[in-house]
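Q: I should like to learn how to read individual features of a structural model. May we work through them one at a time?

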Amino acid sequence: MATLEDKLLGEKLQYYCSSSEEEDNGDDGDDDGAGSSRKGGGGGLTINTDRNAAPAGGFISQGSTNTGPKGVVKDWQRYKQLETEKREETERQRMELAKKLSMNATTSAEDEERKRQEELDAEFAELMSEDFLQQYQKQRMAEMLRQTGHNQQFGKVEQLSTHEEFLSCVEKESKHTTIIIHIYERGQSACSTLNNCLDTLASEYPSIKFAKICSSVAGMSRDFRTKGLPALLVYKAQALIGNFVRLTDDLSDDFYASDVESFLIENGIIVDKALYN
């Protein structure tokens, strides 16, 4: 049996014991075989010191291969290697998990951003709808009219009986007020029709000053009364901004208030009331 010192030194000695009788019954030629067997005294024990030889009984008592200092160092190195591998595997799994969570978080963030963008697009499309734009135009026009002094209300066509009234109508009015004056002649059907149309428009556009004056009072020539009527003169801030003669060329002989309104809107004289009413 190996001693404690042998184990510490890492010796790997094998000790095999067999009876002398079994050795005697064996083949004599065994004495010449490989190994270092020797017979002892009668009834003694034979000790086999061959490390590779098997005992007679067929059993091998193998000493520990990792109990020495070298074995301990190897075991420690193996333990540290396994520990390192385990730590690396744990770190790899942690990184994979973090990457997966990051991808999920990124996907969630992208989904939220996409949903928010879709909501903004929907709101923008709603804001850009025709109804909204019209309402916005109305509000802006009403605000602009208030800021430019269009809070003054007229609502009817003023009759100008003298040349001085004509001058006063143009020169003494606010610079922000649009003035539309109809030069007419009694007895002309087109002039009568236009007067009726202006009565209607005066009530629909109360911030615009409508007036009418007979051509003879205004000092127009006979040739003009024959060829140029009905005529509209448009003033603003004492400046003539519109001069429309013989309107029947544009409106025909049979026209209505809506036709006159469209004509004035197309020529930039008035703003469509639908934009601010």
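Q: Is N195 buried or exposed?

A: The model is a predicted one. A residue counts as buried when its relative accessible area is under 20%. N195 has a relative accessible area of 11%, so N195 is buried. N195 belongs to helix α6 (residues 189-204), and beyond four places in sequence N195 touches H182, Y184 and K212.

Q: Which residue forms a salt bridge with E173?

A: The general criterion is a side-chain nitrogen of Lys or Arg within 4 Å of a carboxyl oxygen of Asp or Glu. Here the partner is K209, with the closest N and O atoms 3.1 Å apart. E173 sits in the loop between α5 (163-171) and β4 (178-184), while K209 is in strand β5 (residues 209-214), so the pair ties together parts that are 36 residues apart in sequence. E173 counts as buried at 15% relative accessibility, and K209 counts as buried at 9%.

Q: Where do R94 and E91 lie?

A: Both are in helix α3 (residues 69-127); being 3 residues apart, they are separated by about one helical turn. Their side chains meet in a salt bridge of 2.5 Å, N to O. R94 is partly exposed at 46% relative accessibility, and E91 is partly exposed at 37%.

Q: Over which residues does pLDDT stay under 50?

A: pLDDT expresses the predictor's confidence in each residue. Residues 11-26 form one such stretch, and residues 28-64 form another. The chain averages a pLDDT of 75, and 66% of the residues score at least 70.

Terms used. Residues are numbered from 1 along each chain as its sequence is written. This is a predicted model: local features need pLDDT of at least 70, side-chain atom pairs count only at pLDDT 80 or more; totals for chains, interfaces and linings use all residues. Side-chain values use heavy atoms; hydrogens and water are left out. pLDDT is the predictor's confidence in each residue, from 0 to 100. Contact means heavy atoms within 4.5 Å. Helices (H or I, at least four residues) and strands (E, at least two) are DSSP runs, numbered from the N terminus. Buried means under 20% relative accessible area, exposed over 50%, partly exposed in between (1.4 Å probe, protein chains only).
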